[in-house]
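Student: Before we start, I would like to go through this model by asking, for each label, what value stands behind it. Could we take the labels one at a time?

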Amino acid sequence: MLTKQNIMEAQVRIAPYIHPTPLLTSCQLNARCGNMIYLKSEHLQKTGAFKIRGAANKITQAVADGANYVTAASSGNHGQAVAYIAQALGIKAKIVVPEDASACKVGAIEGYNSTVEKCGYLSSDRIPRAKAIAEAENGVFIPPYDDPLIMAGQGTIGLEILQQLDNIDAVIVPIGGGGLISGIATAIKESNPAIKVIGVEPVSANDTYLSLQNGAITAIAGTTTIADGLRTIQPGDCTFPIVQKYVDEIVLVSEEEIKEAFTFVLERMKQLIEPSSATVIAACMFNKLPSEGKNIVAVISGGNVDMADLSKIIKI
Ligand SMILES: *Cc1c(COP(=O)(O)O)cnc(C)c1O
């Protein structure tokens with residue numbers, strides 16, 4: 001199982017490739033929530049999301065083991081992160097995206113000099129294709145979350161938070177496949193078990209919530225939540241045991257709450273965060289947290305929003 005030691009090693013390994021990100025605060029947000037909220041600002045990370053941390057940890061190791069080619073199956077933040085790190089390390093990458101991937105996302109990946117291949121509409125089409133290409137080309141497939149090196153990379157956010165702030169009561173983290181929260185929870189709980197780690201999912205993407213209730217990995221049929229980074233339909237085999245061990249609680253937020261939180265942060269804090277990250281602010285704004293007057297770190301996982309979608313997200 002993942003340990004804090006793995007995450008400390010990742011922190012050293014990925015330092016040349018990432019920005020340490022600030023903790024932002026807002027008096028208006030604190031007043032609205034009744035807690036002190038610190039936004040761990042991974043929307044200001046290189047490539048606009050935290051996924052570069054896991055990708056850097058995994059791909060530097062693959063290169064050390066002799067790899068010179070990587071593949072991934074994602075049009076979103078993971079695809080951009082793999083493309084960026086492959087370019088930084090001087091190796092080739094191919095990113096498999098859905099047929100309907102937006103031109104702006106494909107452009108971002110190609111801008112990092114990766115090649116893009118379109119394949120089907122579902123991750124069940126893309127993942128086997130990306131794995132097959134890796135095998136044929138003697139390369140390495142880079143998974144988005146269910147891998148100890150990816151989880152260790154994401155966990156470096158937890159170490160950074162502990163280095164930046166004392167007297168933390170809780171850390172709130174959005175959950176897709178669970179790579180982000182399992183890494184952060186390991187770093188936090190193995191440093192200070194008194195700090196609560198709280199997960200957030202959209203009501204319509206509550207697979208990890210249900211899995212915890214059932215005591216076993218449980219899949220949902222599918223979801224169209226506006227929080228597109230959280231649309232995974234079940235937690236991972238590597239991530240779920242850590243969620244079971246270390247996550248104190250999972251809270252659920254509605255689509256309307258996500259939009260309101262997104263709009264509040266944009267209007268009052270002038271920060272463009274993505275809906276997947278607005279979930280944690282929604283949890284703070286709509287009283288989903290156990291108590292008041294606490295120091296709460298909200299992990300803002302990314303800020304990549306297609307400008308064509310902006311009017312659908314803003315709630316006035
Ligand atoms: C990938 C992603 C998540 C979810 O991370 P997991 O490791 O899959 O749980 C949350 N927010 C953003 C912006 C993401 O890109």
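Student: Why is C27 called exposed?

Tutor: In this predicted model, C27 has a relative accessible area of 69%, and exposed means over 50%, so the label follows from the value. C27 belongs to helix α2, which covers residues 27-33, and its C-alpha atom is separated by 9.0 Å from that of I37, a residue 10 places away along the chain.

Student: What makes S211 buried or exposed?

Tutor: The relative accessible area of S211 is 0%, and since buried means under 20%, S211 counts as buried. The residue sits in helix α9, residues 207-214. Leaving aside neighbours within four places in sequence, S211 is in contact with A216, I217, T218, P235 and F240, while I250, 39 residues apart from S211 in sequence, is 11 Å apart from it in space, C-alpha to C-alpha.

Student: How do you know that T60 is buried?

Tutor: T60 has 13% relative accessibility, and the limit for buried is under 20%, so T60 falls on the buried side. Its place is in helix α3, and, neighbours within four places in sequence set aside, T60 is in contact with R13, Y17 and L89. The C-alpha atoms of T60 and I85 are separated by 8.5 Å, with their positions 25 residues apart along the chain.

Student: What makes the pair of T60 and N57 a polar contact?

Tutor: A polar atom of the T60 side chain lies 3.2 Å from the backbone oxygen of N57, and the cut-off for such a pair is within 3.5 Å, so the distance satisfies it.

Student: Why are the buried residues of α1 said to line one face of the helix?

Tutor: Helix α1 spans residues 4-14, and its buried residues are I7, A10 and I14. Viewed down the axis of α1, these residues fall within an arc of 55 degrees, and therefore they line one face. The elements that cover them include α3 (51-64), α7 (148-164) and α8 (179-189).

Student: Turning to the ligand, which residues are closest to it, and how many surround it?

Tutor: The ligand is surrounded by 16 residues, of which the closest are K51, N77, G176, G178 and S301. By class, the shell divides into 5 nonpolar, 9 polar and 2 charged residues.

Student: What makes the ligand's pairings with the backbone of G176, G177 and G179 polar contacts?

Tutor: In each case an oxygen atom of the ligand is paired with a polar backbone atom: the distance is 2.8 Å for G176, 2.8 Å for G177 and 3.0 Å for G179. Set against the cut-off of within 3.5 Å, each of these values qualifies. Taken alone the ligand exposes 380 Å², and the protein buries 97% of that area.

Student: Why does S301 count as buried?

Tutor: S301 has a relative accessible area of 7%, and because buried means under 20%, the value supports the label. S301 is in the loop between β10 (295-300) and α13 (310-313). The side chains of S301 and S277 are joined by a polar contact of 2.8 Å, and the contacts of S301 beyond four places in sequence include E42, F50, P174 and S276.

Student: How do you know that S276 is buried?

Tutor: At 3% relative accessibility, S276 meets the requirement of being under 20%. S276 lies in helix α12, residues 275-285, and, residues up to four places away in sequence not counted, S276 touches P174, A227, D228, G229, L230 and S301.

Student: What makes the phi values of N113 and N287 worth a remark?

Tutor: Most residues other than glycine have a negative phi. N113, although not a glycine, has a positive phi of about 70 degrees, and N287, likewise a residue other than glycine, has a positive phi near 55 degrees. N113 is placed in the loop between α5 (103-111) and β5 (115-118), whereas N287 lies in the loop between α12 and β10.

Student: And why are N113 and N287 called exposed?

Tutor: N113 has 63% relative accessibility and N287 has a relative accessible area of 57%; exposed means over 50%, so both labels follow from the values.

How values were computed
Residues numbered from 1 in each chain as written. Predicted model: local features only at pLDDT ≥ 70, side-chain atom pairs only at ≥ 80, totals over all residues. Heavy atoms only, no water. Near = heavy atom within 4 Å. Polar contact = N/O pair within 3.5 Å; in protein donor to acceptor, adjacent residues only side chain to side chain. Areas by Shrake-Rupley, 256 points an atom, 1.4 Å probe, with all protein chains shown as cover. Nonpolar A, V, L, I, M, F, W, Y, C, P; charged D, E, K, R; others polar. Buried < 20%, exposed > 50% of the residue type's maximum accessible area, 1.4 Å probe, protein only. Helix = DSSP H or I, 4+ residues; strand = E, 2+ residues; numbered from the N terminus. Arc of directions from axis to C-beta. Contact = heavy atoms within 4.5 Å.
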